[in-house]
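Visitor: I should like to go through some helix packing and then a pocket. Could you show me the model?
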Amino acid sequence: MLEKIFKLKENNTSVKTEIIAGLTTFMTMAYIIALNPNLLTGFGENGQELWNGVFMATCIASAVGMFAMAFLANKPFAMAPGMGLNSFFAVVVANIVSITGLSYLESFQAALCIILIEGIVFIVLSVLNVREKIVNAIPLGVRLGIAPAIGLMLMNIGIGSNAGVYSETGGPFFAMRDFFGAMTPGLAKTNMGSGYSAMVLTVVTMFIGLFVIVILAQKGVKAAVILGMLVASVVYWAGQMIFLGTNPFANLATASFVPPFKDMAETTLFKFNFQGFVEVGWFTAITLVVTFCIIDMFDTIGTLVGTASRAGMLDKEGNMPKMKEALLSDAIGTVVGSATGTSTVTTFVESASGVEAGGRTGLTALVTGIIFLACTFIAPIAAIIPAAATSAALIYVGVLMLTGLKNIDFTDITQVVPVALMLIGMPVSGSIGHAIGLGLISYTVIKLFTGKGKEVSVLTYVLSVIFLVKFFLAV
């Protein structure tokens, strides 16, 4: 039955490989389950009930989006509330509080209206093939550069900002900035205080995991990524107990495994506050909807194109089959997210880890989605996966995605400049969409002023202008 639904043989994969890929994807993005409700509720400062509601929404909306991806598009891409978009959502909620005087919960419910409208707009645009036309309007050179740029972004996340350490001197401290970035190890120790030992353990774990993954991959082990993460996890847990004197499993004894459905029903489930949404003013409301749409659209497009390129899913023209269905799945996830109580659901760049583990069909997304649903019951277990272990996987996948640079024609400056700007722009800005915007603008300007403006499609001109307006008017 699975063969008939997902066409495993046609995609040169197997049930075992797809399950391993789904588990791998989950492990690299499991952090979102706790981080998303933390970011959207001020780390629980606005009520445990709201935190629980967002936690449930994160698991449910992500799962539904991945189920749609599995059965509509048959692609191995995972979804969850997007990083960056969730932080922006939290800022919007705070602004609504100051503008209207509503409580945080009421403002949160008003902001969910923005996500609902965005999701509905994207469903309509996906059905009408508008989003797919936008994807196809991106010049081939820019599309080829998306995967390597995402690779650098993954490496930056893995070694720069995924595993943070706190201590009495502050934090978070990160490996690249505060450990490797220090002039001497002694200076790093002074800056981090008691957090230095945890940082050393983090760095050691990260590289042990990375080397295990590389060695296993070179030996042809398909489960190399997930096995490397497991080895890294064991190393980290042992280090916590031996060197830091802490028990990584201590919280499991008192953790609750009962899903807080009641809290979600009382705080976020279909709790749209349209009156509060209108109170922010029509211009502000429309601006917010447009902003969310632009960021989400190009983050999703970039992730899909970049990851599909690495997996060999693009045709000769650089287009991905069933792109329409993949984009529609993303829109469905966003609508479900608004109805259950979370910010925009988008395709996760960490999907690349599952693709690298061999995931080629929707069965990978289905497995990841099932685990997300299971996390409404087993969240405390998912929470003990150390960030340092996931960093190892992200760094490895990031390095592999850099190999896409070989497809760039480095003798063509109209390709080199856009790609170079994306390579630096993506990890620095932390936004796939913004980096694509830089690539489109530079491509258009170079073509236009070198007498080759006719080679640029009308839609590419339009997209470039939209990004210019966004960047300079801070929309």
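Visitor: At what angle do H3 and H4 pack?
Guide: In this predicted model, helix H3 (residues 32-40) packs against helix H4 (residues 48-73) at about 135°, and their axes are 9 Å apart. Angles over 145 degrees would count as roughly antiparallel, so H3 and H4 are classed as oblique to each other. The crossing of H3 past H4 is right-handed.

Visitor: Which residues in H4 does H3 meet?
Guide: Trp51, Val54, Phe55, Thr58 and Cys59 in H4 are met by Ile32, Ile33, Ala34, Asn36, Pro37, Asn38 and Leu40 in H3. The residues of this contact of H3 with H4 comprise nine nonpolar, three polar and no charged.

Visitor: And how do H6 and H16 pack?
Guide: Helix H6 (residues 104-127) and helix H16 (residues 323-340) pack at an angle of about 160°, with axes 8 Å apart. H6 and H16 are therefore roughly antiparallel, and H6 passes H16 in a left-handed crossing. Among the contact residues are Leu112, Ile115 and Glu118 of H6 and Lys324, Leu327 and Ala331 of H16. By class, the contact of H6 with H16 has 12 nonpolar, four polar and two charged residues.

Visitor: Now the second largest pocket: how much space lies in it?
Guide: The second largest pocket holds about 300 Å³ of space.

Visitor: Which residues lie nearest its centre?
Guide: Of the 16 residues lining the second largest pocket, Glu10, Asn11, Asn74, Lys75 and Arg360 lie nearest its centre. The lining has eight nonpolar, three polar and five charged residues.

Visitor: What gives the most to that lining?
Guide: H4 gives the most to the lining of the second largest pocket, with four residues.

Definitions and conventions:
Residues numbered from 1 in each chain as written. Predicted model: local features only at pLDDT ≥ 70, side-chain atom pairs only at ≥ 80, totals over all residues. Heavy atoms only, no water. Axes fitted to C-alpha atoms, helices over the stretch in contact; angles between N-to-C directions. Helix = DSSP H or I, 4+ residues; strand = E, 2+ residues; numbered from the N terminus. Parallel < 35°, antiparallel > 145°, perpendicular 65-115°, else oblique. Left-handed = near helix turned anticlockwise from the far one by under 90°. Contact = heavy atoms within 4.5 Å. Nonpolar A, V, L, I, M, F, W, Y, C, P; charged D, E, K, R; others polar. 1 Å grid on protein atoms, 1.4 Å probe; cavity = no way out; pocket = protein on both sides within 12 Å on 5 of 7 lines; lining within 4 Å. Points joined across faces, edges and corners; volume = space filled by probe spheres on them.
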